[in-house]
Protein chains: 2
Amino acid sequence: MKITVVKIGGNVIDDATALRGFLRSFAALPHHKILVHGGGKIATEIGYKLGIEPNYINGRRITDEATRDLVTMVYAGAINKNIVQLLQAAQCNAIGLTGADGGVIPAALRPVKEVDYGYVGDVVTDQINVALLRALLQLGLTPVFAPLTFNKESGILNTNADTIARELAIALSAVAETDLVYCFEKDGVLSDPSDAASVIPIVTAPIFDTLKKENIVGGGMIPKLENALSAVAAGVKKVTIGSSLHLQELIDGKKGTTIL
Amino acid sequence: MKITVVKIGGNVIDDATALRGFLRSFAALPHHKILVHGGGKIATEIGYKLGIEPNYINGRRITDEATRDLVTMVYAGAINKNIVQLLQAAQCNAIGLTGADGGVIPAALRPVKEVDYGYVGDVVTDQINVALLRALLQLGLTPVFAPLTFNKESGILNTNADTIARELAIALSAVAETDLVYCFEKDGVLSDPSDAASVIPIVTAPIFDTLKKENIVGGGMIPKLENALSAVAAGVKKVTIGSSLHLQELIDGKKGTTIL
């Protein structure tokens, strides 16, 4: 069995045309696949209308109870079911899930240190229900995950979609050859941020060290690459980062940055 | 295989204590089971806050596009995932679904006659994905359905939860002995509406004719009983109507009205 885990973020979700285009390419992928989606602006917009103001500490959103209810409704209801019905229309037998459904993604409530992030879950990777995911894939289904996890004491928990995608890919690597694809707004990791064509095609641990030392990559790309390298170290076959406009080419290694 | 399909309505969903109590009994049922839930007041309340006013024609709510988005968000997100996490906490491996997930419940957009009900779906019973439902049950999962169906042209459709429960039970009857339980706010069908203890224990087609002729049942109970009798005629083993407070007793035939 070969599995591809693909993550899309808010930039695709917030653009109906881009989303449809992306989902058509995703539906056409021939092998077993899992989609993990992020949140998008719609949660914040609906939150404002409902009087739920976003609350940030050090740039991280705090998930209080009202926010948890909001993101559960928006991520698992509005966004997830819209993606599921678009995939169904594109002949892909999608099944929308949160980490609570089938108990697939158990998480620990993030411990309170300097900051209490509220209802935020840290995935317990070795308790991911890999057997169930495998069974769903073998039934011909394509799981579509909202960025929500859970545990029996705390209920639904908010978890970063990049993290969910990574932990799913690591857990699935134990039973199948698993690739991970992160779609974002650029064509890959750029050696020159002002030049969209300067995609670095391959990154390995030694290459990453050089890129960091020579200040070729910086800012938001460092945690993305560290996250990808740690996934590869934990058993994921390869991680590709690139544009949602070129999903098939990312998977074929013709575009984007591949982390090995 | 023996399957019990249970439907709960808004009166239970809107009462957090009643819902927890009901879900504990539901989780404890030993055999294969499926839960179908209705909407509750929360959709209307959130709709008002978002500026989506309910629009009724002849007492039937019209599902325009804004209402469809609202009920998708509230039914499939807020209500469904709350039920799933409560069942998980009660040791029941629930998986929350709409009719779009896994393509389980295809529906036809209701034809426009005198009234255009909007995005309302009429279940196409012989296209229900019984094989998938059976596979999910065999994996030890308990499907929990929001009252939403779909088709590839129209997307997500609003469908009455009583109807979804009935059509699921009919479709499953082809592969397993299937019972259907409707939970509502009374103890069963009453022969005297002012006497909560006057539950009619058994209704068959001839008994129903007598009850109607003698005006013993009326109002809202006639369509409920017709609906139940048609399910039995279509292969469902038995239908029980009674209070969500006594689920196990309803299933054991010790309380409620059983339609045979």
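Here's a quick briefing on how the two chains of this model fit together and what sits inside them. Keep in mind that this is a predicted model. Chains A and B superpose with an RMSD of 0.0 Å after a rotation of 180°, and the copies meet through the same surface. Inside chain B, the main things to look at are an open sheet of eight strands and a nonpolar core in which Leu168(B) has plenty of company.

**How the copies are related**
- Putting chain A on top of chain B takes a rotation of 180°, with 0.0 Å of shift along the axis.
- The two copies are therefore related as by a two-fold rotation axis.
- If you want to find that axis on screen, look for Gly77(A): of the residues of chain A, Gly77(A) comes closest to the axis, with its C-alpha at 1.8 Å.

**Where the chains touch**
- On the chain A side, 30 residues make contact, and they meet 31 residues of chain B.
- Helix 4 (65–89), strand 5 (94–97), helix 5 (130–138) and strand 10 (155–158) of chain A are the elements that each give two or more residues to that side.
- Helix 4 of chain A supplies the largest share, at 12 residues.
- Sorted by class, the chain A side has 15 nonpolar, 10 polar and five charged residues.
- The surface is shared: 100% of the interface residues of chain A are also interface residues in chain B, so the copies meet through the same surface.

**The sheet in chain B**
- Reading across the open sheet, the strand order is 5-8-2-1-11-13-14-12, and the pairing is mixed.
- Strand 5 and strand 12 (202–203) of chain B are the edge strands, each pairing on one side only.
- At the strand 5 end, four bridges link strand 5 of chain B to strand 8 (142–145) of chain B, and the two run parallel. Here Ala94(B) stands opposite Thr142(B).
- Strand 5 of chain B is covered on both faces: Ala94(B) and Gly96(B) are buried on one side, Ile95(B) and Leu97(B) on the other.
- For an antiparallel example, take strands 13 (238–243) and 14 (257–259) of chain B, which are joined by three bridges. Val239(B) faces Ile259(B) across that pair.

**The nonpolar core**
- The largest nonpolar core has 160 residues, and Leu168(A) and Leu168(B) touch the most other members.
- Beyond its neighbours within four places in sequence, Leu168(B) is in contact with Val5(B), Ile34(B), Val36(B) and Ile128(B).
- As a general point, nonpolar side chains tend to be buried together in soluble globular proteins.

Terms used: Residues numbered from 1 in each chain as written. Chains lettered and ligands numbered in written order. Predicted model: local features only at pLDDT ≥ 70, side-chain atom pairs only at ≥ 80, totals over all residues. Core = buried A, V, L, I, M, F, W, Y, C linked by C-beta atoms within 7 Å. Buried ≥ 20, exposed ≤ 12 C-beta atoms within 10 Å, placed from the backbone. Contact = placed C-beta atoms within 7 Å. Pairing = 2+ DSSP bridges. Nonpolar A, V, L, I, M, F, W, Y, C, P; charged D, E, K, R; others polar. Least-squares fit on C-alpha atoms with pLDDT ≥ 70 in both.
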